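Hi,

Here is the structure I promised to pass on. Have a look at it first, and my notes follow underneath.

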Amino acid sequence: MYLVTGATGNVGRHLVDSLLDAGAAVRAGTRDPATARFPAGVDVVRTGAEPLDGVTALFLNHSAVPDGPEDLFGRARAHGVRRVVLLSSNSVLHEDPANVIGALHQHLERAVRDSGLEWTLLRPGAFNTNTLQWAGQLRAEGVVRAAHGRARSATIDERDIAAVAAHALLSDGLVGASPTLSGPELLTPVDQVRLIGEAIGRPLRFEELSVDEARAAMLAEHYPPAIADGLLHYFGRAVDHPDEVSPAVEDITGVPPRAFADWAEEHAAAFR
């Protein structure tokens, strides 16, 4: 039995499918089991009270342990759970005290390494699905207003993260590993807006905001100030110091990572 926390999230939902496709038994943790929709046979449980009987390995999304993972790890050891796979972030690679997102994941990684369990730390960059936050602007006006339009990142399809996570749970090849995961190419937000426009057959544009303007807009959308500052700092750094494209997805799964253009085609309805 494999426990997937955050099972209705961007990665968790695809991971459930990947494990089922491999013939594995899955327990899915979610905040609201009554509204979660999973295939027949999935054991759906409430986040924070996940039973661990019969679980051999678990996938950890930080959203499932807002007060820290130590209690979960204690229960895991008591129930004979052998392995944890953490959804971390490549932001841990940046030694930068201003990056609160990196600091959060560094804390989680330390807790995982100290858990007494076998571990794997997955370090993806930004997700393709993050661009869905632009959907309202694009549907209404055909424009994205944000800062750092020249930031370059190799955003990754969440299905590719799930495929690596499944490999880490089901086999021993990634025990003690910390792979950095990325998509196949560096793109800017300007590039992504253009590719979304091509996917929906409509010209779109990117309008550059100052950092102060972008921060004010993010706070108006109820971003916590520290998270808004962390994201703006992260993408500001990526203008001149982008993360490298990683070969890890293909090396681990044998399949090249999906291109953003393909992701945009598949999600075109959200932007129309």
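Let me start in the sheet: Leu87 stands opposite Leu122 in S6. Before going further, this is a predicted model, with local features needing pLDDT of at least 70 and side-chain atom pairs counting only at pLDDT 80 or more, while totals for chains, interfaces and linings use all residues. Residues are numbered from 1 along each chain as its sequence is written, and side-chain values use heavy atoms, with hydrogens and water left out. Helix and strand labels are DSSP runs numbered from the N terminus (helices are H or I with at least four residues, strands are E with at least two).

**The sheet**

Seen as a whole, 7 strands make an open, parallel sheet in the order S3-S2-S1-S4-S5-S6-S8. Pairing here means that DSSP finds at least two bridges between two strands. Strands S3 (43–46) and S8 (180–181) sit at the edges with a single partner strand each, so one side of each has no neighbour in the sheet. As general background, strands of a sheet pair through backbone hydrogen bonds, either parallel or antiparallel.

Back to S5. This strand runs parallel to S6, joined by 5 bridges, and Val85 has Thr120 as its bridge partner in S6. Towards S4 there are 4 bridges, again parallel, with Leu58 opposite Val84. S5 is mostly covered, as 5 of its 5 residues are buried (buried is under 20% relative accessible area, exposed over 50%, partly exposed in between, with a 1.4 Å probe and protein chains only). Arg83, Val85 and Leu87 point one way from the strand, Val84 and Leu86 the other way, and all are buried. That fits the general pattern: in a regular strand, side chains alternate between the two faces of the sheet.

S2 has a similar story. It is largely enclosed by the rest of the structure, because 5 of its 5 residues are buried. Val26, Ala28 and Thr30 cover one side and Arg27 and Gly29 the other, and all are buried. S2 pairs in parallel with S1 over 3 bridges, where Tyr2 has Val26 as its bridge partner. The chain gets from S1 to S2 through H1 in a right-handed β-α-β crossover (right-handed: with the strands pointing away from the viewer, the path from the first strand over the helix to the second runs clockwise). On its S3 side, S2 has 4 bridges, also in the parallel sense, and Ala28 stands opposite Val44.

Another right-handed β-α-β unit is made by S4, helix H2 (residues 70–78) and S5. As for helix packing, H1 lies across S1, S2 and S4 and runs at about 160° to S1. Helix H3 (residues 100–113) packs on the sheet too, touching S5 and S6, with its direction at about 160° to that of S6. These axes are lines fitted to C-alpha atoms, for helices over the stretch in contact, and angles run from 0 to 180 degrees between N-to-C directions; contact means heavy atoms within 4.5 Å.

**The core**

The largest nonpolar core has 32 residues, and those touching the most other members are Val4, Leu15, Val16, Leu19, Phe59, Leu169 and Leu181. (A nonpolar core is a set of buried Ala, Val, Leu, Ile, Met, Phe, Trp, Tyr and Cys residues joined through side-chain atoms within 4.5 Å.) H5 gives the most to this core, with 7 residues. Phe59 is a good place to zoom in: beyond its neighbours within four places in sequence, its contacts include Val4, Leu15, Val85, Leu87 and Leu169.

**Three single residues**

Which residues does Asn128 contact, leaving aside its neighbours within four places in sequence? They are Thr155, Ile156, Asp157, Glu158, Phe260 and Trp263. Asn128 is in the loop between S6 (118–124) and helix H4 (135–141), and counts as buried because its relative accessibility is 0%. Its side chain makes a 2.7 Å polar contact with that of Thr155 (a pair of N or O atoms within 3.5 Å; within protein, one must be able to donate a hydrogen and the other to accept it, and residues adjacent in sequence count only if both atoms are side-chain atoms).

Thr30, in S2, is buried at 6% relative accessibility. Asp212, in helix H7 (residues 211–220), counts as exposed at 62%.

Cheers
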